[in-house]
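Reader: Hello! Please pick one spot for a close look, and then walk me from there through the rest of the model, with the cut-offs behind your terms.

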Amino acid sequence: MNAPQTDTYRDDALIGGAWVQATATDDVENPATETVIGTSALCDGSMVDAAVTAARKAGRGWALTPAAARADALAALARALRSMRDELVDVTVAEVGVSVVNARAWHVDLAIELIESASANARNYDFEQELGNSLLLRKPVGVVACITPWNYPLYQLAAKVGPALAAGCTVVLKPAALAPLSSYLFAEATIAAGLPEGVFNLVPGAGSVVGSALATHPDVDLVSFTGSTAVGRQVGADAAAQLKRVCLELGGKSSSIVCEDADLKSAVEASVDSAMLNSGQTCSAWTRLLVPAHRYEEALAIAGDHANSLVVGDPQSEATDVGPLISAKQRNDVAGVIDAAIARGARAVAGGSSRPSEKGHFVRPTILADLDPSDPASQSEIFGPVLVVHPYNGETEAIEIANGTPYGLGGAVWAGTEARALGIARQLDTGQVDINGAAFNPEAPFGGWKASGMGRELGVAGLEEYTEITAVQR
Ligand code: NAD
């Protein structure tokens, strides 16, 4: 596949409503074909300064814009994005390698839905609340730096930029270096929607340059970061040094617990699908499957069959389930993790590290069994299409295994009754739990415990992250 019918060769940043050329660019690769499909700007510190200054300048006016008018602007932005839907899907498939079916549903449509949700929340939220003799004023926190990863680039930026603008903040976005093209389209949509100059600014570039400059910038009031736990720690430390507000959405290692009385087949198959979604590059994926010990072999057979039935290949094909990983490095890292786990005694019930095709960064959907829950493959985020299956004896042990990682982002419980599943959900130290395959709720708070981060995105909780309170006593 080649470049989509969009100007994907970019060398600029959006600063104060104008496209400003950078002096250097970085290539963007299609991970399925390993060909260059575009470029993006490599901005420097002075461009970061200019973008923060532009956001600060636009901040007072945007903060004083009535919430209903901000809601209208966000609705116009959602419409502009909707009119670009096909282009957004093409670019997302090309730069991420996600299958076109998943690009439509999870990357593009969901991102537009999040902007619509932010619009509705700006319209309906009570920015002034009475409390006894106090009037609580919820004010925008100010200039927000959004730093996003490559795995769901459009969704991630929408989850930040929508609520930040709804709250009355102005934004400087640094998109992921590996998948910046959909962020350029988003920036074009902000112009088409008529957002005031400087309210949204885009500064692509390296994390160590642009990301770091934003995280340490004295005129940035809040950093909203999604990415790895290692970089999140650095961003958190940078923000703490200036007592800057920070919201961190980090890695995960989430468990899917299948109870005795659950429908084993559908629970196991859904867990495999979760682990393989987006080629396994989903922070909240259920990458550990916990099944009753006496049904372990049965569960492994179901998981293996289902993993083998998934179509791996050209992400542009409607029939494809699993595309490539984002880069050669990611592919090699994941293959290395699989090989090391097998060397420690893991049984590969499906998949393995061998390449299914010579071109593209593909890894076969892999099911690993017979590892202790303390094994690194069951403790660390792999970020590839790998599911680790563990047997358990009794619910208490299942809960202990599920809680026994450094992370706490997602999770699932499958049970014959909601009451039983809820009883387990109440004991899981994690930000989200889905019972019996319940649908994703884009209004529900999303975020992590422990090494999965701090703060919440989406819905009203997401909007409140971008506010400060002034209590006025009368
Ligand atoms: P990453 O941490 O390498 O990079 C994330 C972003 O931070 C990129 O834009 C990068 O350029 C930037 N960055 C790098 N160094 C920086 C620095 N010193 N200061 C500021 N910014 C810097 O992560 P990634 O590889 O792009 O994404 C994958 C990771 O993201 C996985 O660990 C995944 O679990 C996590 N993730 C979490 C969530 C969530 O909501 N919890 C969602 C998606 C992805």
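Author: Happy to! Let's begin at Leu-243, which sits in the loop that joins α8 (229-241) to β11 (245-249). Helices here are DSSP runs of H or I with at least four residues, strands are runs of E with at least two, and both are numbered from the N terminus. Two notes on reading what follows: this is a predicted model, in which local features need pLDDT of at least 70 and side-chain atom pairs count only at pLDDT 80 or more, while totals for chains, interfaces and linings use all residues. Residues are numbered from 1 along each chain as its sequence is written, and side-chain values use heavy atoms, with hydrogens and water left out.

Leu-243 is not a glycine, yet its phi is positive, at about 50°. As background, most residues other than glycine have a negative phi. Leu-243 also counts as exposed, with 78% relative accessibility; exposed means over 50% relative accessible area, buried under 20%, and partly exposed in between, using a 1.4 Å probe and protein chains only.

Glu-34 is another non-glycine residue with a positive phi, near 60°. Its place is the loop between β3 (25-30) and β4 (35-41), and at a relative accessible area of 28% Glu-34 is partly exposed. Gly-168, just after α5, has a positive phi too, of about 100°.

That brings us to α5 itself. This helix covers residues 153-167, 15 residues in total, and reaches 22 Å from first C-alpha to last, close to the expected 21 Å; the expected span is 1.5 Å times one less than the number of residues. Of its 15 residues, 15 are buried. For a distance across the fold, take Gly-162 and Arg-331: their C-alpha atoms are 32 Å apart, with their positions 169 residues apart along the chain. Arg-331 belongs to helix α11 (residues 328-343), and Arg-331 is buried at a relative accessible area of 7%.

Strand β7 (residues 143-147) is covered as well, with 5 of its 5 residues buried. In a regular strand, side chains alternate between the two faces of the sheet. In β7, Val-143, Ala-145 and Ile-147 are buried on one side, and Val-144 and Cys-146 are buried on the other. β7 pairs with strand β8 (residues 170-174) in the parallel sense over 5 bridges; strands count as paired if DSSP finds at least two bridges between them. Within this pair, Ala-145 lies opposite Val-172 of β8.

Now for the sheets. One open sheet has 3 strands in the order β5-β6-β22, with antiparallel pairing. Its edge strands, each pairing on one side only, are β5 (128-131) and β22 (467-473). β6 (residues 134-140) and β22 share 7 bridges in the antiparallel sense, and Leu-135 has Val-472 in β22 as its bridge partner.

A second open sheet holds 7 strands, ordered β14-β15-β16-β13-β12-β18-β19, and its pairing is mixed. Here β14 (347-352) and β19 (434-435) are the edge strands. Inside this sheet, β12 pairs with β13 (residues 286-292) in the parallel sense over 4 bridges, and Ser-255 has Arg-288 in β13 as its bridge partner.

Ser-255 leads us on to the empty space. The largest cavity holds about 90 Å³. Among its 14 lining residues, those closest to the centre are Ser-254, Ser-255, Ala-402, Gly-410 and Thr-430. β12 (254-258), α13 (395-403) and β17 (407-408) each give two or more residues to this lining. On a 1 Å grid over the protein atoms alone, a cavity is a set of points where a 1.4 Å probe fits but cannot get out, a pocket is an open set with protein on both sides within 12 Å along at least five of seven lines, and lining residues have an atom within 4 Å of a point.

The largest pocket has a volume of about 840 Å³. A volume is the space filled by probe spheres set on the grid points, which are joined across faces, edges and corners. Of the 43 residues lining this pocket, Trp-106, Ser-274, Leu-277, Thr-282 and Ser-284 are the closest to its centre. The buried helix α5 returns here, as one of the elements giving two or more residues to the lining, along with α4 (100-124) and α9 (264-276).
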